[in-house]
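Please consider the sequence and the three-dimensional model shown below. The explanation that accompanies them proceeds from the whole chain to individual side chains.

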Amino acid sequence: MQSLTLKLKQASAVLGVPPKDLQNLVQLGVIRPARRNSVCWFDANLLLEAKVAFYLKETLGSSSDLLARFTEVFSKNLGKTKMGDLGDICLRSRPVNGTDAVEIKIPVRSLAQELEEQIPLASTYKDLPKGRKRAGWKKDFLRSVQKAAADLGGISEEGILKTVREYRSGRKKLPEITVVARTKKKTA
């Protein structure tokens, strides 16, 4: 992955998540970006850590404390590894009483490839200071609203509400959990 540093809004565009979700990960200590002048800066490794954290959160619904511990361990092992050398990793979490560990397999290579494909999106998101609007924003906004109104012209209010409800219920679905039986390998 190329060497880059992105601000929060640009990083959220690359990750495909709302900026507030990424900000929450930072505030909860799940990921720890470098800070300069009260601005968070994300590099390629940190983007991959955030991608893994969002992957775990989406698939497991993990708490922020657990996500922080997983990403910390992942971060230590990531080090200076080249993105092309990454494979799938398996995180193990063993209870205090020393019984068998729970294993979570994370497809790091495919997540890194997704990040590579999304990097060009960073240039489309200009991280402007709060309160400053770019020139012509009102005309662009009005044009977008008029286009949206024209596109929605033949749709009833009930249809819109139904679509919104379907979308929201789709986001609330729990992740799929499957059981994979493993056989122990015989050793000599």
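The following paragraphs treat the overall fold, one helix and its packing, the loop between two strands, the salt bridges and a surface patch.

The model is a predicted one. The secondary structure of the chain comprises 7 helices and 4 strands. From the N terminus onwards, these elements follow the order α-α-β-β-α-α-β-β-α-α-α. The chain has 188 residues, of which 26% count as buried. Its exposed area is about 14,300 Å², and carbon and sulfur atoms supply 53% of that area. Among the contacts in the chain with a separation of 6 or more, 58% are accounted for by residues 24 or more positions apart.

The N-terminal part of the chain offers a convenient starting point. Helix α1 covers residues 8-15, and Q10 lies within this helix. A polar atom of the Q10 side chain is placed 3.1 Å from the backbone nitrogen of K7. Is Q10 itself buried or exposed? With a relative accessibility of 18%, Q10 counts as buried, because the limit for a buried residue is under 20%.

Helix α2, residues 19-27, contributes the buried residues L22, L25 and V26. Viewed down the axis of α2, the buried residues fall within an arc of 100°, and they therefore line one face of the helix. What does this set of residues pack against? The partners of the buried residues of α2 are α1, β1, β2 and α3. After α2 comes G29, which has a positive phi near 80°.

Attention now turns to the backbone between two strands. N37 is located in the loop that joins β1 (34-36) to β2 (39-41), and S38 is found in the loop between β1 and β2 as well. Phi of N37 is positive, near 55°, although N37 is a residue other than glycine. S38, likewise not a glycine, has a positive phi of about 60°. How accessible is N37? Its relative accessibility is 78%, so N37 counts as exposed. For S38 the corresponding value is 72%, and S38 also counts as exposed.

The charged side chains can be considered next. The count of salt bridges comes to 5. One of them joins K51 and E114, whose closest N and O atoms are 2.9 Å apart. K51 belongs to helix α3 (residues 44-60) and E114 to helix α5 (residues 108-118), so this pair ties together parts of the chain that are 63 residues apart in sequence. The two partners may also be described by their accessibility. K51 is buried, at a relative accessible area of 14%, whereas E114 is partly exposed, at 35%.

Two further salt bridges are each formed within a helix. The side chains of D151 and K147 meet with an N to O distance of 3.5 Å. Both residues lie in helix α6 (residues 137-151), where a spacing of 4 residues sets D151 and K147 about one turn of the helix apart. Both D151 and K147 are exposed. In helix α7, K162 and E166 are likewise 4 residues apart, about one turn of the helix. The salt bridge between K162 and E166 has its closest N and O atoms 3.8 Å apart, and this pair is counted because the cut-off is a nitrogen within 4 Å of a carboxyl oxygen. How exposed are the two partners, K162 and E166? K162 is exposed, with a relative accessible area of 51%. E166, at 46% relative accessibility, counts as partly exposed.

Helix α7 spans residues 157-171 and also holds V164. Which residues join V164 in a nonpolar surface patch? The other members are L152, I155 and I160, and the patch has an area of about 300 Å². V164 is partly exposed, with a relative accessible area of 33%; this value allows V164 to belong to a patch, because patch residues must have over 30% relative accessible area. Helix α7 thus holds both the K162 and E166 pair and the patch residue V164.

Methods:
Residues are numbered from 1 along each chain as its sequence is written. This is a predicted model: local features need pLDDT of at least 70, side-chain atom pairs count only at pLDDT 80 or more; totals for chains, interfaces and linings use all residues. Side-chain values use heavy atoms; hydrogens and water are left out. Patches are made of residues with over 30% relative accessible area and no salt bridge: like charges are joined within 9 Å, nonpolar side chains (Val, Leu, Ile, Met, Phe, Trp, Tyr) within 5 Å. Accessible areas come from the Shrake-Rupley method with a 1.4 Å probe; for residues, only the protein chains shown count as cover. Buried means under 20% relative accessible area, exposed over 50%, partly exposed in between (1.4 Å probe, protein chains only). A polar contact is a pair of N or O atoms within 3.5 Å; within protein, one must be able to donate a hydrogen and the other to accept it, and residues adjacent in sequence count only if both atoms are side-chain atoms. The arc is that of the directions from the helix axis to the C-beta atoms. Contact means heavy atoms within 4.5 Å.
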